[in-house]
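Please follow the description below with the sequence and the coordinates open side by side. It moves from a pair of strands, through two helices, to a set of charged side chains.

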Amino acid sequence: PLSEVIHQKTMGNVFFVIEFIKTLESPDKKILSYSLTKRRWIWDADSIAVMSISDIVADILVKKLLCIEKTVLKSLIIASCFGSQVNILVMELLNGMKGISDIVHNLDAAVDEGLLEKAGPLFMFAHDSIQQSVYELTPMNELIQLHVDIGLMLISKGGHASRDMMEDIFASAVSHINMALPKSTGSATTVEFTLSQHIVFAKINLKAGQKAVNGKSNFSLAEVHLKAGILFLPKNSWADQYDLTLQLSDEYANVLFVQRNLDELHSHVDIILKNAKCIGDKIKAHELLISALTLKGSTPEAMDHAKTVLDSLGFPFPPSINSETVTGVVNSLSSTTVSFTPDYLRAFPLMTEKIPLQAMKIMSAVQMHVSFSSPTTFQMLACQMMQLTIKHGLCVESAEAFANFGYCLMSLTRNYDAGHRMGKLSLVILERFEATKRLPKIYFLVYGFLSVWKEPIQATIEGLQFAVNIGLVEGDYKNAIFNGVSMNRQMLIAGCQLSEIRDRLLRLCGDMMYDKSKK
């Protein structure tokens, strides 16, 4: 039947059905006509069957688009740059572009023509093929310029939009501008920009990347924006725009690490270490490189790198360590910290000197990873971090220092009361700095190892579950897994139903697979 053939050719799209039938009965084809003698419609089924659907669609759309008013077509071209749909309020901000005074009115005319559909605040193309055909009417070089013009106008007028719309408008503007970014670092953009525009676009992408991480934990989107920001940087940016270049580079390196793109991270870190002016500006890169090496299974290389950095900071690691030496240091620190209370730490001075802060960051980056391969090294690092904290003040890494020192007290001296107290103090420090990103790491130590000796094991389970959730949100997948494993172990010891343990484990696996697919 003709209806089946038409449905097959048009996929049931109403617009294409109507236009296709018009094409079939057009005088130049005469494939479909009304027979007065037979008093019914007749058609050439064989001719219809061999017609190419792409040819049909292209022919229909070209004829339709050539017949509409020029201002309507120009408005459609602008709308097509947004994809299959666009917000009406966004289009109102673009009034005046290409000399069009009322874009929304023109798009309403396109709705009457069946090219667009209107649903609430959205204009939607009636079919993806319509959007694609309209979009391809403009040469690529002119299209890229149009995207840039749209982005610039949205930025200039976006401040007049409502607060609810401003974030979406900003994100849309950045995406349009990025259409012009070069394909590789050091290459020219496809559109000529002034030096100030290069800098502004790099800053805009930096802001968008930070918002993607901090607001939505969308590391894939952050990677796109931060890479775009680096590509927009002018030549010699390490010399002429040092602070902006360093900030973009550090943020991009961090996202590469979260995304586990370790090969590109290694190359990118080399660029930072080569161009950064001082050891303080290189610390973040050193941290990420150490963590990346441990993830690759190169813990000895990571430790050697950490020792080199600590030497350059003036905090050399002891050349030889034995359990007797470590036990002596642990006992000494235990006596020093015996009077520490939560209120005491809430009022404890903060670490302000740059060099000790940088040393704490490097020790933190390597400590957990050597706990398996070299327990004695782990214990000495915990003691050194405690010594730095006591002498120079608290920093966010001090929470880790107290938790790890608590573990040392339990494992070396069997002082479970003191170890448990150190764990509780680490949570006070964590709370003082509002360090959500550090939470999975600290909770793993506190609720996985320290609290279980002094508290009902059931009381530790929810803390570990909370740490799993935070780890997934923050991109700390390694510590999310550690907390998940500890949680299931303690649920088993606590006598929880095996079905509940299974459900939590399946949920964790599902969350991990979901985050892997998002990457």
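In this predicted model, strand β4 (residues 116-119) and strand β5 (residues 122-125) run antiparallel and are joined by 4 bridges. One point at which to check the register is Lys118, whose bridge partner in β5 is Phe123. The hairpin that these strands form has 2 residues between them, and Gly120 takes a positive phi near 60° there.

Further along the chain, helix α14 (242-258) can be checked against ideal helical geometry: at 1.5 Å a residue its 17 residues should span 24 Å, and because its end C-alpha atoms are indeed 24 Å apart, the model agrees with that expectation. Of these 17 residues, 14 are buried, so α14 is largely enclosed by the rest of the structure. The helix is followed by Arg260, a residue whose phi is positive, near 60°.

Helix α15 (residues 262-275) passes the corresponding check, since its 14 residues should span 20 Å at 1.5 Å a residue and its end C-alpha atoms are 20 Å apart. Which residues of α15 are buried? They are Leu262, Leu265, His268, Val269, Ile272 and Leu273, and because they cover an arc of only 140° around the axis, they lie on the same side of α15. The face turned away from this buried side carries the exposed residues Asp263 and Lys274. As for what covers the buried residues of α15, the list includes α12 (219-232), α13 (237-240), α14 and α16 (279-295), so that α14, described above as largely enclosed because 14 of its 17 residues are buried, reappears here as part of that cover.

The charged side chains offer another way to read the model, as a search of the whole structure finds 12 salt bridges. One of them is formed by Lys361 and Glu397, with the closest N and O atoms 3.4 Å apart. This pair links distant parts of the chain, for Lys361 belongs to helix α20 (residues 354-373) whereas Glu397 sits in the loop between α21 (375-392) and α22 (398-413), 36 residues apart. The two partners can also be described by their exposure: Lys361 is partly exposed, with a relative accessible area of 28%, whereas Glu397, at 1% relative accessibility, counts as buried.

A further salt bridge brings together the side chains of Glu400 and Arg438, at 3.6 Å from N to O. Here too distant parts of the chain are linked, with Glu400 in helix α22 and Arg438 in the loop between α23 (416-433) and α24 (439-450), 38 residues apart. Both Glu400 and Arg438 are buried.

In another salt bridge, the side chains of Lys454 and Asp417 meet at 2.6 Å, N to O. Because Lys454 lies in the loop between α24 and α25 (458-474) and Asp417 lies in helix α23, the pair ties together parts that are 37 residues apart in sequence. Lys454 counts as partly exposed at 43% relative accessibility, and Asp417 is likewise partly exposed, with a relative accessible area of 48%. Salt bridges that share partners, finally, join Lys361, Glu397, Glu400, Arg438 and Lys441 into one network.

Methods. Residues numbered from 1 in each chain as written. Predicted model: local features only at pLDDT ≥ 70, side-chain atom pairs only at ≥ 80, totals over all residues. Heavy atoms only, no water. Salt bridge = Lys/Arg side-chain N within 4 Å of Asp/Glu carboxyl O. Buried < 20%, exposed > 50% of the residue type's maximum accessible area, 1.4 Å probe, protein only. Expected span 1.5 Å × (residues − 1). Arc of directions from axis to C-beta. Contact = heavy atoms within 4.5 Å. Pairing = 2+ DSSP bridges.
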